[in-house]
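Trainee: I have a model open and a list of terms I only half trust. Can we go through them one by one?
Mentor: Yes. Ask what each term rests on.

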Amino acid sequence: MTDTAMVAASKRQAFIQTLRTTGSVKRAATVAGLYTENLYRERKDNEALAQAWDAALADFAGQWDAELMDAARGEGRWSKPDIRGVIEIDNDLFASLTGS
């Protein structure tokens, strides 16, 4: 594998890893040093990239499903007093704005 091919593969790997944690194509492309337009074009012709991309987005969605369940139960990172306090303040603000 040439140096250029290794760099391209490394950048694609960084893109997929960042996509998995952020769910944002634009952010993942920026972190990896790639252009979104080129990635979308390559996705059409590169089945392996398309599959990795889809899997990364599915992983991201699964992480947020778990986060939402934790938040609903007041568990995980949502159980920290500083975060819970922000949520309560937002609820109070909402109630005052809506007259609820």
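Mentor: Start with R12, which sits in helix α1. Keep in mind that this is a predicted model.

Trainee: Why is R12 called partly exposed?
Mentor: Its relative accessibility is 26%. Buried means under 20%, and exposed means over 50%. The value of 26% falls in between, so R12 counts as partly exposed.

Trainee: Which residues does R12 touch, beyond those up to four places away in sequence?
Mentor: R12 touches L34, E42 and L49. Here contact means heavy atoms within 4.5 Å. Also, the C-alpha atoms of R12 and A29 are 8.6 Å apart, and 17 residues separate the two along the chain.

Trainee: T18 is in α1 too. What makes T18 buried?
Mentor: Set its value against the cut-off. T18 has 13% relative accessibility. Buried means under 20%, so T18 counts as buried.

Trainee: What is T18 in contact with, leaving aside neighbours within four places in sequence?
Mentor: G23, R27, A28 and V31.

Trainee: Now D54, in helix α4. Is D54 buried, exposed or partly exposed?
Mentor: Its value is 42%. That is not under 20% and not over 50%. Therefore D54 counts as partly exposed. Its C-alpha atom is 9.7 Å from that of L19, and the two are 35 residues apart along the chain.

Trainee: On to helix pairs. How are two packed helices described?
Mentor: By the angle between their axes and the distance between the axes.

Trainee: Then what makes α3 and α4 roughly perpendicular?
Mentor: Helix α3 covers residues 36-45, and helix α4 covers residues 47-73. They pack at about 115°, with axes 6 Å apart. Roughly perpendicular runs from 65 to 115 degrees. So α3 and α4 count as roughly perpendicular to each other. Their crossing is left-handed.

Trainee: Which residues make that contact?
Mentor: From α3 come L39, Y40, E42, R43 and D45. From α4 come E47, L49, A50, W53 and D54. By class, five are nonpolar, five are charged and none is polar.

Trainee: How do you know that α2 is roughly perpendicular to α3?
Mentor: The angle between α2 and α3 is about 105°, and their axes are 9 Å apart. The range is 65 to 115 degrees, so α2 is roughly perpendicular to α3. V25, K26 and A29 of α2 meet T36, L39 and Y40 of α3. This contact has four nonpolar residues, one polar and one charged.

Trainee: What makes up the largest nonpolar core?
Mentor: Eleven residues: F15, I16, L19, V25, A28, A29, A32, L39, L49, W53 and A56. α1, α2 and α4 each supply at least two of them. α2 gives the most, with four.

Trainee: What makes such a set a core?
Mentor: Its members are buried residues of the listed nonpolar kinds, joined through side-chain atoms within 4.5 Å. Take I16, a member. Beyond four places in sequence, I16 is in contact with L49, A52, W53 and A56.

Trainee: Last, what does the whole chain come to in helices and strands?
Mentor: Five helices and zero strands. Read along the sequence, the pattern is α-α-α-α-α. Of the 100 residues, 15% count as buried. Among contacts with a separation of 6 or more, 37% join residues 24 or more positions apart.

Terms used: Residues are numbered from 1 along each chain as its sequence is written. This is a predicted model: local features need pLDDT of at least 70, side-chain atom pairs count only at pLDDT 80 or more; totals for chains, interfaces and linings use all residues. Side-chain values use heavy atoms; hydrogens and water are left out. Helices (H or I, at least four residues) and strands (E, at least two) are DSSP runs, numbered from the N terminus. Buried means under 20% relative accessible area, exposed over 50%, partly exposed in between (1.4 Å probe, protein chains only). Axes are lines fitted to C-alpha atoms, for helices over the stretch in contact, and angles run from 0 to 180 degrees between N-to-C directions. Angles under 35 degrees count as roughly parallel, over 145 as roughly antiparallel, 65 to 115 as roughly perpendicular and the rest as oblique. A crossing is left-handed if the near helix is turned anticlockwise from the far one by less than a right angle, and right-handed if clockwise. Ala, Val, Leu, Ile, Met, Phe, Trp, Tyr, Cys and Pro count as nonpolar, Asp, Glu, Lys and Arg as charged, and the others, Gly among them, as polar.
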